[in-house]
Amino acid sequence: MLSGVPGLKRSLSALSILIPLCLVLVSCGNSSSASSSQRHSNLKARALVSNPLHPVNTGGILPVLELLDASKDLATNFGISLLSTLPDAGMLVLSPDKTRTLVFSPSNNSLGVVDNTQEAVASGVSAITLPGATESMFVWTDNATAFAAVPGAAVAGSPAGVVEEIDLVAGKIKATIPIPGARFIVSSSSGNQILVLSDSAGSVTLLSPSLIASGNPLTPVTGSFDKPVWAVFSADGATAYVMNCGPECGGTTASVTTVDMTQSPPSASATPLAVPAATTGLLDGGTLYVAGTPPPATGVDCQASLCGVLTVFPSAGTSSLSTSQPITDGYHDHMALGANGQLFIGSRTCTNAIANGNTPARGCLSVFNSSAGTVFTSTQNGDATGIEPIPHRSVVYVCEGGKLTIYDTLSDLASSGTLAPQATQVNIIGQAVDVKFIDF
């Protein structure tokens, strides 16, 4: 859920180091030289970081996917230039089998497809142009099809909003499904059910991929919703939990609505779960985590206080024993569970606190220790635009304020309540926007 790449006009003179990365990029974006299926880097644990402002020694900048050794937290002499396909690099989406990475270019609303095996732009696939901006997309279970919500796409004779079905092999839009205000899309684990959330229309729609060819793939979800902006499915797909943004998005009441997906049509519970705010959530086993920012109380200074709220439901679907924790404010759109029960929560447009004397800086990242029930905040200012726990390790990669920061969940939780980066860091020259781990 990433709506854009801020700071694209950042002056090159502000970059302290110029690296001739194009000399070591895989053909500088020309995948025709990648004639074998062998990885050019030979790394077994790789992370990609989107960087729209990578400088080159000849002057100017390149849109690049930086390739990191995620087993050792090291930069490499390899990367993927997107210059032949996209003008910049923003949100990243990974296919379930991790063979493809989808890259969104917010400056021209286009998508690029990267072949992770070749470590290059996918051969024969040019940029795929969307009819507007997207902040929600995913690659389907077949690993060759993507879906993207485009709320501003014009529809003749109807309100704006579509979901695009995209063929990633042919590099083209396969089908356009008009849905008024379609802004966010969430798939069940099987891929058979896709919830389309339209906050402007106050509606939730079930999209059935198997019925797209028939021309009748849509089923309205019955019930009342107040600015729905996100959802999570139970592991078996039988239940979905819809986050109603409420006052934070111009609505009335924030809540979480339980939807029975086994019914036809799916039906929403008449009694939603009450929460202070809800823009994103995560379901871990039977525990539901919901984050958002309620309107601040009168006289509260959000630089001095934590104005966001994390609500924890130990038993998803019931308010019994639910608890709330203060977190950083802003619009929360990232949540990921790292090792050792550490829940990373990121927002954008938060109230940044500037370091002053003994008071540490604070940005848009909060970490909730689910075992101890405590919250820590990052000292890095700026939007948290990418969060990626590294499997089989205790570290988490976070893009915040245009910088990549690496945290170790074993050792960096300070008693002061601030989150300290680990000693080993990777300096991304340019702007770190999003990050994905691309190996199993």
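## A tour of two sheets, two loop residues and the cysteines

Begin by selecting Val64 and looking across to strand β3, where the bridge partner of Val64 is Ser81. Keep in mind throughout that this is a predicted model.

**First stop: the sheet around β2**

Widen the selection from that pair to strand β2, residues 61-69, which runs antiparallel to β3 and is joined to β3 by 5 bridges. Now add the remaining strands of this open sheet, which has 4 strands in the order β3-β2-β1-β34 with antiparallel pairing. At its edges stand β3 (74-81) and β34 (434-437), and because each has a single partner strand, one side of each is left without a neighbour in the sheet. If you look along the succession of strands, the twist from one strand to the next averages 30°.

**Second stop: Asp73, between β2 and β3**

Staying with the two strands you have just seen, select Asp73, which is placed in the loop between β2 and β3. Is this loop residue buried or exposed? Its relative accessibility is 3%, so Asp73 counts as buried, the cut-off for that class being under 20% relative accessible area. Show side chains next, and a polar contact of 2.7 Å appears between the side chain of Asp73 and the side chain of Arg393. Once neighbours within four places in sequence are set aside, the residues in contact with Asp73 are Arg393, Val395, Tyr397, Ile406, Gln422, Thr424 and Val426. Two of these names, Val395 and Tyr397, lead on to the next stop, since strand β31 covers residues 395-400.

**Third stop: the sheet of β30, β31 and β32**

Select β30, β31 and β32 together, and you have an open sheet of 3 strands, in that order and with antiparallel pairing. The edge strands here are β30 (384-389) and β32, each of which pairs on one side only. Averaged over the sheet, and with direction ignored, neighbouring strands are turned by 20° against each other.

Taking the two pairings in turn, β30 and β31 run antiparallel and are joined by 5 bridges; to see one position in this pairing, pick Pro389, which stands opposite Val396 in β31. On the other side, β31 and β32 pair in the antiparallel sense over 6 bridges, and Val395, already met as a contact of Asp73, stands opposite Asp408 in β32. Follow the chain from β31 into β32 and you pass through a hairpin with 2 residues between the strands, where Gly401 in the turn has a positive phi of about 60°. A surface display is useful for strand β32 (residues 403-408), which is mostly covered, with 5 of its 6 residues buried.

**Fourth stop: Pro87, beyond β3**

Return to β3 and continue along the chain to Pro87, which is found in the loop between β3 and β4 (92-94). Pro87 is partly exposed, its relative accessible area being 43%. Not counting residues up to four places away in sequence, Pro87 touches Pro63, Ser105, Ser107, Asn108 and Ser110; of these, Pro63 belongs to the stretch 61-69 that makes up β2. For a distance to draw in the viewer, take the C-alpha atoms of Pro87 and Arg183, which are 96 residues apart along the chain and separated by 24 Å.

**Last stop: the cysteines**

How many disulfides does the structure hold? There are 3, and they can be selected one after another.

Start with Cys245 and Cys249, joined with an S to S distance of 2.0 Å; the torsion about their S-S bond is about 75°, so this disulfide is right-handed. Its two ends differ in class, for Cys245 is buried at a relative accessible area of 1%, whereas Cys249, at 23%, is partly exposed.

Go on to Cys302 and Cys307, linked at 2.1 Å from S to S, where a value of -100° about the S-S bond makes the link left-handed. Both of these cysteines are buried.

The remaining pair to select is Cys350 and Cys364, whose sulfur atoms lie 2.0 Å apart; with -90° about the S-S bond, this link is left-handed. Cys350 and Cys364 both lie in the loop between β27 (342-348) and β28 (365-369), so the pair ties together parts that are 14 residues apart in sequence. Cys350 is buried, as is Cys364.

Finish with Cys399, which is in no disulfide, the nearest cysteine sulfur being that of Cys364, 13 Å away. Cys399 is buried as well, with a relative accessible area of 0%.

Conventions: Residues numbered from 1 in each chain as written. Predicted model: local features only at pLDDT ≥ 70, side-chain atom pairs only at ≥ 80, totals over all residues. Heavy atoms only, no water. Pairing = 2+ DSSP bridges. Axes fitted to C-alpha atoms, helices over the stretch in contact; angles between N-to-C directions. Buried < 20%, exposed > 50% of the residue type's maximum accessible area, 1.4 Å probe, protein only. Polar contact = N/O pair within 3.5 Å; in protein donor to acceptor, adjacent residues only side chain to side chain. Contact = heavy atoms within 4.5 Å. Disulfide = S-S within 2.5 Å.
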